[in-house]
Amino acid sequence: FLIIFEMMQALKGSLVALVTPMEEGGDVDYNSLEKLIDWHIQEGTNGIVSVGTTGESATLDVEEHLNVIKHTVEYVNSRIPVIAGTGANSTSEAIELTEESKKLGADYALLVTPYYNKPNQNGLINHYTKIADEVDIPQILYNVPSRTACDLLPSSVKVLSEHNNIIGIKEAIGSEERINELIEILSKNKNFLLFSGDDPTFLSLLEKGGDGVISVAANVVPNCISRICSFVAEGRNSEAIILDKKLSNLYELLFIESNPIPVKWMIYKMGLIKNSIRSPLFELDIKYQENTINEMLKLELLWLKYTLSF
C-alpha cells in the first residue's frame, strides 16, 4: 500500500492525453512518438496518457493499441508516469487490455465508461469492480458522457472509490455542481484523486481542490498547462488565471470539431507530426483553418516556414 500511495502522490498536475502520431499511410509513427515524449518531459508535463480518446483508441486494433503503450512505457523509461488507456465497452476486453498493459509496465490504467451499449449505474459499478478485482494496477475512472452516451454519477463514483485499486477519476463534465459533488467524495477519501477532463474548466477544478488535468491542450502548449497547475499548487492563483485566460480561444478551437481532429492538425502545423489521422476522422475542415492558424500565431506556436504554404 505504501508503494501505491507514493505513486499516487506523484500523479498530479498536467497529464497529457497524448496523440498517436501516424505516417501518411496510417501506420503508427514511432519516431515522432519518441520526439513528442522527449518534448513533453522537457516542457514539464507530469504524466502521459497513452492511447486514450485523443490517442485514437477507437481506430487502433488491439495489437497496435498495446504496441503503442509498450513503446511509450519503454521510451519514457520511468521518467514520468505512464497511464494506459484500457477502457472498452466489453468488460472482458477491458480486463484483457488492463492486464496486458500492466504486464507491459504501465503505471496506471485509465478506463472510459462503456460506450454505445449504455449500461445503468449498477452495470457501471459491476463493470469497474470486476476490472479492479481482476487486475492489480491503480485504475482511474473516466467519465465523458458527450462521447459515450453514459454518465457515471457521483453516487456510483463514491461506491467505486472504496476499492483499493480504483484511485481516481477523470471527469469531463465541467459543471460546478458535478465538480462539487466529486470534491465532497475527495473530502472523505483523501487518497482518491480527481482530474479534470475538460480543458476550458480545469482551472476551476484545481482551485476547488482537484489534483490535476488530463489535457488535450497540453499536446499543443504543454509548458503552459504545467505552469497553470504549478501556480495553483503554489497558491499563485492570479497568475494561473491570467495564463488560463490567454488560452481560452485555443481551448475552444481544440473542440471545434471532434477530438483529436483539431489537435492533430495543430501539432502537424507546428512541425511535430505528419498530417495523418485514422478514418472515419478526417483533416480539420478548411473553414476552421484560418482562425486556428491566427490563434496559433498569437500564441507564438508556429514557425514562419509552417505557415507560408497556408
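## Strand pairing around β2

Two strands count as paired if DSSP finds at least two bridges between them. In this predicted model, strand β2 (residues 47–50) meets that rule with two partners. Strand β1 (residues 13–17) runs parallel to β2 and is joined to it by three bridges. Strand β3 (residues 82–85) also runs parallel to β2, again with three bridges. Ile 48 appears in both pairings: Val 16 stands opposite it on one side, and Val 82 in β3 stands opposite it in the other pairing.

The connections between these strands pass through helices. β1, helix α2 (residues 30–43) and β2 make up a right-handed β-α-β unit. A right-handed β-α-β unit is also formed by β2, helix α3 (residues 62–76) and β3.

## Side chains of β2

Side chains in a regular strand alternate between the two faces of the sheet. In β2, Gly 47 and Val 49 point one way, while Ile 48 and Ser 50 point the other way. All four of these residues are buried.

## Asp 211 and Lys 12

Asp 211 is located in the loop between α9 (202–207) and β8 (212–215). Its relative accessibility is 12%, so Asp 211 counts as buried, the limit being under 20%. Leaving aside residues up to four places away in sequence, Asp 211 touches Lys 12, Gly 13, Leu 186, Phe 192, Leu 193, Leu 194, Phe 195, Leu 205 and Leu 206.

With Lys 12, the side chain of Asp 211 makes a polar contact of 2.6 Å. The pair also qualifies as a salt bridge, with the N to O distance given as 2.6 Å. This salt bridge links distant parts of the chain: Lys 12 is in the loop between α1 (2–10) and β1, Asp 211 is in the loop between α9 and β8, and the two are 199 residues apart. Asp 211 is buried, whereas Lys 12 is partly exposed, with a relative accessible area of 32%.

## Other salt bridges

Side chains of opposite charge can pair when their charged atoms come close. The whole structure has 14 salt bridges. One of them joins Asp 29 and Lys 274, whose closest N and O atoms are 3.1 Å apart. Asp 29 lies in the loop between β1 and α2 and Lys 274 in the loop between α13 (261–269) and α14 (286–298), so this salt bridge ties together parts that are 245 residues apart in sequence. Asp 29 is buried at a relative accessible area of 2%, while Lys 274 is partly exposed at 31%. Glu 23 is linked with Asp 29 and Lys 274 in a network of salt bridges.

The salt bridge between Lys 70 and Glu 74 has an N to O distance of 2.9 Å. Lys 70 and Glu 74 are four residues apart in helix α3, and therefore separated by about one helical turn. Lys 70 is partly exposed, with a relative accessible area of 35%.

## Cysteines

A disulfide is a covalent bond between the sulfur atoms of two cysteines. The cut-off applied here is a pair of cysteine sulfur atoms within 2.5 Å, and the count by this rule is zero disulfides. Cys 224 is in no disulfide, as the nearest cysteine sulfur, that of Cys 229, is 11 Å away. Cys 224 counts as buried at 17% relative accessibility. Cys 150 is buried too, with a relative accessible area of 3%.

How values were computed. Residues numbered from 1 in each chain as written. Predicted model: local features only at pLDDT ≥ 70, side-chain atom pairs only at ≥ 80, totals over all residues. Heavy atoms only, no water. Buried < 20%, exposed > 50% of the residue type's maximum accessible area, 1.4 Å probe, protein only. Polar contact = N/O pair within 3.5 Å; in protein donor to acceptor, adjacent residues only side chain to side chain. Contact = heavy atoms within 4.5 Å. Right-handed = clockwise from strand over helix to strand, strands pointing away. Salt bridge = Lys/Arg side-chain N within 4 Å of Asp/Glu carboxyl O.
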